[in-house]
Each structure stands twice: as structure tokens, then as C-alpha cells.
Amino acid sequence: MKHTAALLSMATGVPPNVFHQSQILDAARFILGSRYPQFETLSSLFANTGIQHRYGVKPIEWYCEPRGWPERTQAFLDGAEALFVEVAQKAMERADLSATDIDTVVTVCSTGIATPTLEARLAGRLGFRTDISRVPVFGLGCAGGVAGLSIASRLAQARPGTNVLLVVLELCTLAVRHDELTKANIVAASLFGDGAAAVVLRAGDGGATRVEATGEYLWPNTLDIMGWRVDPEGFGVIFQRTIPDFVTAHMKPGVIAVLSRLGLSIDDIDRFICHPGGAKVIIAIERAFSLDQGTLDHERSVIADYGNMSAATVLFVLERARAQGLPSRTLVTSLGPGFTASCVTLRHAA
């Protein structure tokens, strides 16, 4: 395992505007309540998510006005650049590295469009070298945190001794829609927040926690479960099926298939770290893997404190679990558009 990628450091961050769940419910009622007769029936969703508060790149008043692509994109660029710099600098400092030590940067984001990409826009500000390798990744949604960790670890493993910076950043709140009078839009409004995480990896030396193996499982005929529509006003969320029901029925067989390809079984896993899509998804995961209720403790605390930050969320969970102390083998997994399960197994030496 000497050439597997080690996690040298982690960092997380959120934008400055904090919203309590009751505030968001009031704002959603103001925007949609008078025009959508089913709103009050669906409003119970806000109390059932397990979320106490979330963070956004704009004050809550900004979201109460209709916004189009130009305003959303400018808000994305401003907010994403600030958050990218914050988490990247913290992760590099914790790894005792400077920006000139970074050889590859992987940027994962599915909630905004930037061309040139974020790491290019910030290269001068952060101090990256002119020969840095850039790997921007779009479209993985909630699976992007684990898939990004997989991509970054394989890039580190391909060139032992080089430093790979992974930044996973999602500004989900910027997709809020005034014109979408649908249950899917209410579900999105009840769940999503903004946040970012960064990880520095290096193969060959440098850390007690190492990426052992990675794998994916893509279920056929599941494109309608989750995704974006690209509409004139902005991204439009797609939720066509009940995700907790899908998780209960299909997640374990998919993960077993991934582990089997890696030469492992469920019994080899000492701890699960999962993307907490919401309270019902957490319960569904525990049921799927026959875990005692409450086993996914960090998942519940992260969703309560930050909401669903799409791809970044699972790395917030990993950060808390890592601080508390990881067991010998951990499975980190998340689900996202495709519909896909992304899996990474970590080995930790005490």
C-alpha cells in the first residue's frame, strides 16, 4: 500500500449568511404560498428534514426576488471564488504546503458554470504554479464528493510524491426558483445549502489515512431520479422518484457489487460514512445496511448544522469522523445523478 494516496489534510467552509429552517420556510411561503395551493400541505417537509440551519452566499432577501442566469452566475462567481480560496488555503496550511507545492488541482462543482473554471480564475490569487494540472469536474451532483476523492486519489497515485488539491464546492441555494410550482422545487427549498471542502492528497508518504480502493455503480434506466434541467431562468431540479425508497431497495446490492470488484465484502467494513441527503435518506441507508438506528451520527449532525450541500456534504461528515478517530477500514459513499453510487474505502493506521 506504499503508493496509495494519503489524506494529508482536510478543510471545510461555509458562506457568511446563516438561515434558520424557520426563516427559509417563511421565505418559501412568501415566494410560493399564494400561487401554489399545495404549498401548506408540503410545508411539513421543512420540519422533517432534520435540518436546523443552513448557509447561503447571499442574504435571504436576495432569494426573495426573481433572478435570471446573469444574476445567478455573478452570484456564483463571487461566492464560489471566496469559498474556494478559504478552504483551499486552510487545507494547504494544514498540510504544511504552499500553493507552489500543489501539482494538480481537482475542482468538483455542479451548481454553477464558470469558464474559465474556478481554479484558473484563482490561480494568480492563490499562487499556483504556471504548470499546474487542472481537472474541473461538472455534473456529478451529490455523488461528487466521493467521486472527486476517487479521481484525486488516482491522480496522486499515478504520480507518487506529487501533491493533489481537491476542492468540492456547491452553491445550491442559487438554484432557487420562483416560477417552479412543483413538489420537487419545495423539496429542494427544504433541503439545500451552500458549502465547500478541500482535501490535500499525496501518494507514497504523508498520512495515516489512505485511499485503499475506489469504485462506482451506475443503475440502468435511472436518469429521471435526480438532476438538472437547463431552463431560461436557471437550473431546474429533477426529482422524479422517491429517493429513500430507492435507497432501501437498491443501495446495498449496488455497494456489494462495488466491494466485490474490489475484493471486499460488507463484513470487511468497520464504519460507513455516507452522504446525508436528508433525515429520511439517512434512515433508509441505515435500514439498507442493517445498521442500528443512530449509527450514522455524524451524518445527522452535519445535516442539522448545514443542510444538504450536495457534493461537499459527505466530506464534512468525513472531517468529523476523522477528527474523532477512524477505524481500520471505512467505506465512504454517496449517491448522485446517473443514478450512481460512488464508493471509496479508506484504511487508517492508528
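**Exercise 1. Which residue forms a salt bridge with Glu212, and how far apart are the closest N and O atoms?**

Before you start, keep in mind that this is a predicted model.

Step 1. Look for a basic partner around Glu212. You'll land on Arg347, with the closest N and O atoms 3.7 Å apart. A salt bridge here needs the nitrogen within 4 Å of the carboxyl oxygen, so the pair at 3.7 Å makes the list.

Step 2. Place both ends. Glu212 sits in strand 8 and Arg347 in strand 13 (residues 340–348), so this pair ties together parts that are 135 residues apart in sequence.

Step 3. Check the exposure of each. Glu212 is partly exposed, because its relative accessibility is 25%. Arg347 comes out at 24% and is partly exposed too.

Step 4. Stay in strand 8 for one more residue. Arg210 is also found there, in the run 209–218. Arg210 has 14% relative accessibility, so it counts as buried. Its side chain reaches the backbone oxygen of Thr4 at 2.7 Å.

**Exercise 2. Work out how the salt bridges of Arg177 and Arg129 are placed in the chain.**

Step 1. Start with the background: side chains of opposite charge can pair when their charged atoms come close. Searching the whole structure turns up 16 salt bridges.

Step 2. Take Arg129 and Asp103, whose side chains meet at 2.9 Å, N to O. Arg129 is in the loop between helix 6 (123–126) and strand 5 (133–137), while Asp103 is in the loop between helix 4 and strand 4, and the two are 26 residues apart. Arg129 is partly exposed at 26% relative accessibility, whereas Asp103 is buried at 15%.

Step 3. Now go to Arg177 and Asp231, a salt bridge with an N to O distance of 3.1 Å. Arg177 belongs to the loop between strand 6 and helix 8 (183–191) and Asp231 to the loop between strand 9 (226–230) and strand 10 (235–239), so the pair ties together parts that are 54 residues apart in sequence.

Step 4. Ask about burial. Arg177 is buried, with a relative accessible area of 3%. Asp231, at 16%, counts as buried as well.

Step 5. Follow the shared partners. They join Arg177, Asp179, Arg229 and Asp231 into one network of salt bridges.

**Exercise 3. Describe the nonpolar cores, starting from the residues that touch the most other members of the largest one.**

Step 1. Recall that in soluble globular proteins, nonpolar side chains tend to be buried together.

Step 2. Pick out the hubs. The largest nonpolar core has 51 residues, and Phe76, Phe84 and Leu165 touch the most other members.

Step 3. See who chips in. Elements that each supply at least two residues include strand 1 (5–13), helix 1 (21–33), strand 6 (163–171) and strand 7 (194–203). Helix 4 gives the largest share, 11 residues.

Step 4. Zoom in on Leu165. Beyond residues up to four places away in sequence, its contacts include Ala88, Ala91, Ile102, Phe128 and Val199.

Step 5. Don't stop there: a second, separate core has 39 residues, among them Val255, Leu259, Val281 and Leu335.

**Exercise 4. Find out what covers helix 10, then look at Phe289 and Ser290.**

Step 1. List the buried residues of helix 10 (residues 279–288): Val281, Ile282, Ala284, Ile285, Glu286 and Ala288.

Step 2. Find their cover. It includes helix 9 (243–261), strand 11 (271–274) and helix 11 (297–306).

Step 3. Move on to Phe289, in the loop between helix 10 and helix 11. Phe289 is buried, because its relative accessibility is 5%. Leaving aside neighbours within four places, Phe289 is in contact with Met251, Lys252, Val255, Ile266 and Phe272.

Step 4. Check the backbone at Ser290, just after helix 10: phi is positive there, about 55 degrees.

**Exercise 5. Where does a nonpolar patch made by Ile113 and its partners show on the surface, and how exposed is Ile113?**

Step 1. Find the partners. Ile113, Phe138 and Trp228 make a nonpolar surface patch of about 300 Å².

Step 2. Locate Ile113: the loop between strand 4 (104–108) and helix 5 (118–121).

Step 3. Read its exposure. Ile113 is partly exposed, because its relative accessibility is 47%.

Methods
Residues numbered from 1 in each chain as written. Predicted model: local features only at pLDDT ≥ 70, side-chain atom pairs only at ≥ 80, totals over all residues. Heavy atoms only, no water. Helix = DSSP H or I, 4+ residues; strand = E, 2+ residues; numbered from the N terminus. Buried < 20%, exposed > 50% of the residue type's maximum accessible area, 1.4 Å probe, protein only. Polar contact = N/O pair within 3.5 Å; in protein donor to acceptor, adjacent residues only side chain to side chain. Patch = residues over 30% accessible without salt bridge, like charges linked within 9 Å, V, L, I, M, F, W, Y side chains within 5 Å. Areas by Shrake-Rupley, 256 points an atom, 1.4 Å probe, with all protein chains shown as cover. Core = buried A, V, L, I, M, F, W, Y, C linked by side-chain atoms within 4.5 Å. Contact = heavy atoms within 4.5 Å.
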